[in-house]
Every structure is written in C-alpha cells, then in structure tokens.
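Student: I have a new model open on my screen, and I would love some help reading it. Could we walk through it together?

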Amino acid sequence: MNLYKKLLEYSKEGIYPMHMPGHKRNVEMASMINPYSLDITEIEGFDNLHSANEILLEGMNRAAYLYGSSYTNYLVGGSTAGILAGIASCTKKGDKVIVARNSHKSVYNAIYLNELKPVYVYPKQIDSFGINGDISTDDVKDLLEKNPDAKLIIITSPTYEGILSDIKSISELSHRYGVPLLVDEAHGAHLGFHKDFPDNSIKAGADIVIHSLHKTLPAFTQTGLIHINSKLISYETVKRYLSIYQTSSPSYLLMASIEQCITLLERESMELFTSFFNELDMFHQRMGQLKYIKIMNKDDVSRIGCFDFEPSKLTISVKDTNINGNKLYNLLLNEYNIQMEMVSDNYVLGMTSICDTHEGFIRLGNALLDIDATLKNYLKNYDIYNNNRNSLSSNFKKEIYPEIIISSYEAIEKESNMVKLSESMDHIAAEYIYLYPPGIPLLVPGEQISNQMISDITNFLKNGLTVHGLYEGQNIKVVS
Ligand SMILES: Cc1ncc(COP(=O)(O)O)c(C=O)c1O
C-alpha cells in the first residue's frame, strides 16, 4: 500500500486525534481545495520568502503585529529551522550558552553544529506526574554570575506538558547582563489571545521566540514563525541563517496555510478561545469524578510552585495504579479509537486545540471514566487520588542528569564503537538517546552513561516505549 492510500483510508477510520497538528483534520475549519491547483514556486507576483518585499512580507508583518513582535518570519521547516537559525544568529563557533537541559533535540543539534559549550540550567522535577517543571529565575541568575562569557540563554516554555517558566523575569535578568534570551515556544503559538491562556514570551520580553503553528493551531505540519524583538540581535543576521537552514523552495501551500491561520486569529480569536476554554473547563469538571486517573491542572501546578500552566495540554497519569502509560495509551487507541499524542511510563499526553469538537472531549471523557472504573490501586486502603494530590511536590534533581565529559561535537566526531546497553556503564555516549515525542535527550553525546541511566532506559523498554538512538534495540554507540 502506498502512503497516500494509507492516509486516505486512515482518514475514514473515525479515530479521534488527541494529537497535533492543531487543525485536528477538522475540514470544516480548515477547508481547502485540491492542493495541486495552488502549488506554485517563486513566480511573478508571489514574492520570495528569502527576500520578501510584497505579499509574503505583508503577511509576516501582520503576524508580527498580531503577536506583538518587531519582526516575524515564516518557518516552513517547523520550529526546528527557527531554532537552528536563531541560535546560529546569536553565537559564534565555540561560544558558551546557558541552556535548559530539557531542550528539544534541535537545540542540541544547533549546539553541535556551532560547536557551542552548553552550561545547563536544570528544570524542577514534578515527581507526582514524573515530568519536568519550570526553570527558576534564580538558577539562571546564578549561572549568569558564574559565566559572564555566556552569549545566549535558551529556554523551552511552555514544555510539552504545558508548564511555563517566568519568561518576564528571566528576560529582565538576561538583559541586565546584556545576554539575549531565546525561547523555544514551539508549543505556545496559541498563547496570548485570551485571558484564560497565559501571555506569549514575545510580550514577556524575550529576544527571539519560535512557534510551531502546526502543533497547537490550525495550520499544516511544518509551519511555524520566528519572532525577533530585540536590541541585541539583528533581524538581517537571522534572515541570513534562515536562508541557510530553510529550503530554497518554500511551499506556497504551507505559507498560505500560515497566512490563513493568522487571518483566523485576527478575526475570531476571542470567540474561538472562549469556546475552547469552556470545553476544557467542562472536561476537567467532569473528570473530577475520576478515582485513580489524574489529569494535571492549573491548581496542581501552582501548588507545586511552578510559574504557570497553559490548559490545552492533558497530562493523564496512571501513576500508582495497576496499569502503566503504555496500557492506557493502547486501551484508548484500540478500545475507544482515540489516538493520543504521546506516551510515557506513567502517563499519556493529549493535545487539544480550538479545532477540537465537543464530541471529541466527551469521547475522551467517557473513555477515561470507563477505564478508571476498572483500575485498582497498588497500595491497599490507600486513596491514591487524594494522596497523590496532597503529595504533589517538585524537586531539583540535577543529580539525575548525566555528567558531561566532553562536548557533543567532540563525541560525535571521535571514533566510536557499539557496546551492549547493559555493559555500557561509565562509557561516554556517542549518540543521542531519547524518547520521541518529546525528543528531549536522555543522553547527549559526550555524557557519561551511569547505572541509573541504564536502568531508566531498560525500564522504558520494558514498559513498551520506543527509545531512539539504540542500535538493534539493545546496543549503544559509545566513544572508543
Ligand atoms: C519543545 C519543542 N521544540 C521544538 C520542536 C520542533 O518543532 P518542529 O517539529 O515544528 O520542528 C518540538 C517538536 O516536538 C518541541 O517539542
């Protein structure tokens, strides 16, 4: 079977998408005629993304105005292209950068390509859900004081699970030190349009902000925006790197999809986000009936002491019950025809957007209530739901991260060989090891493999998760 046929058949199977792209295949909201009739190249009258001065520039200026940025450029290679170009624009080969350790692999690829020296700032850990929390402004301050030669700060906010860091205070701080702040806001293109959703990082003062439109808004996969709002970085430099990292033949279909998305937001954002928030609110209220399954909400996040939370993400945890994340994921898919975005050892993640339907929320809610009624807790006479809520905590766990022995660039360039994962302790990784999604490396080339890391990876495999970067499922590439 070919891909096109498979896609066509899949579209008829009635599986509900609790995953990106944010248009949710909701054709009523994102109607489009046969795409071939619109697919052109840089012909007369249609401008050129790499030297835009007509229709594409007008569209990008509208996007800049909508998000409150000085300059905005279309991305047709996802946030990945924006992150590679943004980081290259702010650094020279070999520079030191302060980076959140929970960054996406595109950040690590930029570090590798530019031979940068990362100094990590570690997120809090939210034990009760087993996810990363926010980045503390005090930790960034400490690193800025200890590393006066740092040239850039790179932070992801919101995270995959919707946790926000205090970008306003981090950007004020970084500017006091004369260091630009780049925020990977790939998961936050929908922020700033409604009082019940937090503001975006552009308004909070970040110098470069990168958005994937396709993740949380109705736009084609691969579409995104890079916003430049800075006295410290020149837009011309960013454009130069965008022309290196993006294709020389940007798709007019993708760019038209970006423009349509911006038009929709300009015209109807208040209405759309009000009804979206109401759906989310009703969903959470109904899910108050769950006994064992927990869905992370704003109160949980503030109780833990994380800065903020955006409500479109549904982190659905089965921690301390008799099933794991993988079982929940498969039950939802196979028994209820609901495809989730991501699975981890103890939870599944659903992504919602303004294009979700009322029926979609009801269907997920019904499925969760059904499954919950079949669950057991592990500990006898123990009210898991309430105990977990009360014991929500966050810790800094720098020690859970591996030690850096050499730079990723050195590790990748050196001679390497394969060893069995079980025999890899104390070796230096020569390959990224990560779960995808979310694409945050568990191990970065140049880091030492600890016993804890071996056991974490082994547990992920036992829980049925796909660990990327292993060879034949059990070997790991290490520096010779
Ligand atoms: C935090 C984060 N940043 C960047 C990216 C890359 O985005 P894109 O797929 O649009 O290139 C992702 C993708 O999952 C992500 O989760």
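Tutor: Happy to; below we go through the chain, its domains, the ligand shell, two sheets and some backbone details.

Student: What kind of model is this, and how many helices and strands does the protein chain have?

Tutor: Please keep in mind that this is a predicted model. In the protein chain, the count is 15 helices and 23 strands.

Student: How does the radius of gyration of the protein chain sit beside the globule rule for 480 residues?

Tutor: The C-alpha trace spans about 70 × 55 × 50 Å along its principal axes. For 480 residues the globule rule gives 23 Å, and the protein chain comes close to that, so it is as compact as a globular protein of that length. Its radius of gyration is 22 Å.

Student: Which domains does the assignment give, and what distance separates the centres of domain 1 and domain 2?

Tutor: The domain assignment lists domain 1 (35-263), domain 2 (269-395) and domain 3 (402-479). Taken over C-alpha atoms, the centres of domain 1 and domain 2 are separated by 28 Å.

Student: How many residues does each of those two domains bring to the contact, and which strand gives the largest share on the side of domain 1?

Tutor: The contact takes 29 residues from domain 1 and 32 residues from domain 2. On the side of domain 1 that touches domain 2, β5 (124-126) and β8 (163-164) each supply at least two residues. By class, that side has 13 nonpolar, 10 polar and six charged residues. Its largest share, three residues, comes from β5.

Student: Now to the ligand. Which residues come nearest, and which helix gives the most to the shell?

Tutor: There are 15 residues around the ligand, and G78, S79, T80, H104 and A186 come nearest. With three residues, the element that gives the most to the shell is helix α3 (residues 78-90).

Student: How does the shell divide by class, and from which domains does it draw at least three residues each?

Tutor: By class, the shell around the ligand has four nonpolar, 10 polar and one charged residues. The domains that each give at least three residues to this shell are domain 1 (35-263) and domain 3 (402-479).

Student: There is an open sheet of four strands. What is the order, and what is the bridge partner of I316?

Tutor: The four strands follow the order β12-β14-β17-β16, with antiparallel pairing. At the edges, β12 (294-295) and β16 (342-343) each pair on one side only. Strand β14 (residues 313-317) is joined to strand β17 (residues 347-351) by five bridges. In β17, the partner of I316 is V348.

Student: Which helix lies across β16 and β17, and at what angle to β17?

Tutor: Look for residues 325-336, which form helix α11. This helix lies across both strands, and it runs relative to β17 at about 45 degrees.

Student: Why is one side of β21 and of β22 left without a neighbour in the open sheet of three strands?

Tutor: The order in this sheet is β21-β20-β22, and the pairing is antiparallel. Because β21 (441-443) and β22 (467-468) stand at the edges, one side of each has no neighbour in the sheet: each has a single partner strand.

Student: Which helix packs on that sheet, and what is the bridge partner of Y434 in β21?

Tutor: Helix α15 (residues 451-462) packs on the sheet and touches β20, β21 and β22, its direction making about 130 degrees with that of β21. Two bridges join strand β20 (residues 433-435) to β21. In β21, Y434 has as its bridge partner P441.

Student: Where is P437, and what is omega for the cis peptide bond that joins Y436 and P437?

Tutor: P437 sits in the loop between β20 and β21. The peptide bond joining Y436 and P437 is cis, with omega about -15 degrees.

Student: And where is E115, and what is its phi?

Tutor: E115 is placed in the loop between α4 (105-113) and β4 (117-121). Although E115 is not a glycine, its phi is positive, at about 50 degrees.

Terms used:
Residues are numbered from 1 along each chain as its sequence is written. This is a predicted model: local features need pLDDT of at least 70, side-chain atom pairs count only at pLDDT 80 or more; totals for chains, interfaces and linings use all residues. A residue is near a molecule or strand if its C-beta atom, placed from the backbone, lies within 6 Å of it. Ala, Val, Leu, Ile, Met, Phe, Trp, Tyr, Cys and Pro count as nonpolar, Asp, Glu, Lys and Arg as charged, and the others, Gly among them, as polar. Domain bounds come from an automatic or database domain assignment. Two residues are in contact if their C-beta atoms, placed from the backbone, lie within 7 Å. Two strands pair if DSSP finds at least two bridges between them. Axes are lines fitted to C-alpha atoms, for helices over the stretch in contact, and angles run from 0 to 180 degrees between N-to-C directions. The radius of gyration is taken over C-alpha atoms; the globule rule is 2.2 Å times the number of residues to the power 0.38.
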